[in-house]
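The following paragraphs explain how parts of a protein chain are joined to one another. Please keep the sequence and the structure in view while reading.

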Amino acid sequence: MPVLLVACSDDEPSDENFVTQLCEASAELRTDLEAAIQAASTQTDSGKAVGLLVEPLEKFVKAFKDSDPPDDLDEWHDEASDRLQATVDAFKKEQSLSALVGFSDSPIPDPPAEAKQRLRDAAEDVVACDGVAFLKPD
């Protein structure tokens, strides 16, 4: 009778993988927003200008939702995903930059303090995080 061995998976979420995903999404958001702002600056219709900003924001929210946090951050990740989505939804509805409160320093809502420092520490070793303002300043 053959013996079946179950290999340990290396796919378990880690701080480093998670911050890599967040930093890549944040860098892409910055690039996409710069292009959207440039395109919006030529618009005379404020509704169309705001509309140009929605796509990169929605893309970021999707990337955030699709990221794979460490197990101890699952609940925070779900709540943060909902908060980010609500912010983008309010922006689309109000068509006002003031609806984007919270996206100014960093779009990512603060995780619990000990996890925040742990993620910041992991981000120091991730090339994708170079130049990314990771998490809101204290």
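A salt bridge is counted here when a side-chain nitrogen of Lys or Arg lies within 4 Å of a carboxyl oxygen of Asp or Glu. The model under discussion is a predicted one, and it holds seven salt bridges. One of them joins D15 to R118, with the closest N and O atoms 2.6 Å apart. D15 belongs to helix α1 and R118 to helix α4, so this pair ties together parts that are 103 residues apart in sequence.

The two partners do not fall in the same class of exposure: D15 has a relative accessibility of 17% and counts as buried, whereas R118 is partly exposed, with a relative accessible area of 27%. The reasoning rests on a cut-off, because buried means under 20% relative accessible area, while partly exposed covers the range between that value and 50%.

R118 also takes part in a second salt bridge. Its side chain meets that of D72, with a distance of 2.8 Å from N to O. R118 is in helix α4, while D72 is in the loop between α2 and α3, so the pair ties together parts that are 46 residues apart in sequence. Taken together, D15, D72 and R118 are linked in a network of salt bridges.

A further salt bridge is formed by E28 and K59, whose closest N and O atoms are 2.5 Å apart. This pair, too, links distant parts of the chain: E28 is in helix α1 and K59 in helix α2, 31 residues apart. E28 counts as partly exposed because its relative accessibility is 38%. K59 is likewise partly exposed, at a relative accessible area of 41%.

The next link is of another kind. A disulfide is a covalent bond between the sulfur atoms of two cysteines. How many disulfides does the structure hold? The structure holds one disulfide, and it is formed by C23 and C129, with their sulfur atoms 2.0 Å apart. The pair links distant parts of the chain, since C23 is in helix α1 (residues 15-40) and C129 is in the segment after α4 (113-123), 106 residues apart. The torsion about the S-S bond of C23 and C129 is about 95°, so the disulfide is right-handed. Are these cysteines buried or exposed? C23 is buried, because its relative accessible area is 0%. C129 is also buried, with a relative accessible area of 7%.

Helix α3 offers another buried residue, W76. With a relative accessibility of 10%, W76 falls under the 20% cut-off and so counts as buried. Along the chain, W76 and P112 are 36 residues apart, yet their C-alpha atoms are separated by 7.9 Å.

Attention may now turn to the surface. Which residues form a negative surface patch? The patch is made up of E12, D68, D71, D74, E75, D78, E79 and D82. One of these, D68, is found in the loop between α2 (46-66) and α3 (74-94). D68 has a relative accessible area of 36% and is therefore partly exposed. The same loop between α2 and α3 also holds D72, the salt-bridge partner of R118.

Technical notes:
Residues are numbered from 1 along each chain as its sequence is written. This is a predicted model: local features need pLDDT of at least 70, side-chain atom pairs count only at pLDDT 80 or more; totals for chains, interfaces and linings use all residues. Side-chain values use heavy atoms; hydrogens and water are left out. Patches are made of residues with over 30% relative accessible area and no salt bridge: like charges are joined within 9 Å, nonpolar side chains (Val, Leu, Ile, Met, Phe, Trp, Tyr) within 5 Å. Accessible areas come from the Shrake-Rupley method with a 1.4 Å probe; for residues, only the protein chains shown count as cover. Lys and Arg count as positive and Asp and Glu as negative; His and the chain ends are not counted. The place of a charge is taken as NZ of Lys, CZ of Arg, CG of Asp or CD of Glu. Helices (H or I, at least four residues) and strands (E, at least two) are DSSP runs, numbered from the N terminus. Buried means under 20% relative accessible area, exposed over 50%, partly exposed in between (1.4 Å probe, protein chains only). A disulfide is a pair of cysteine sulfur atoms within 2.5 Å.
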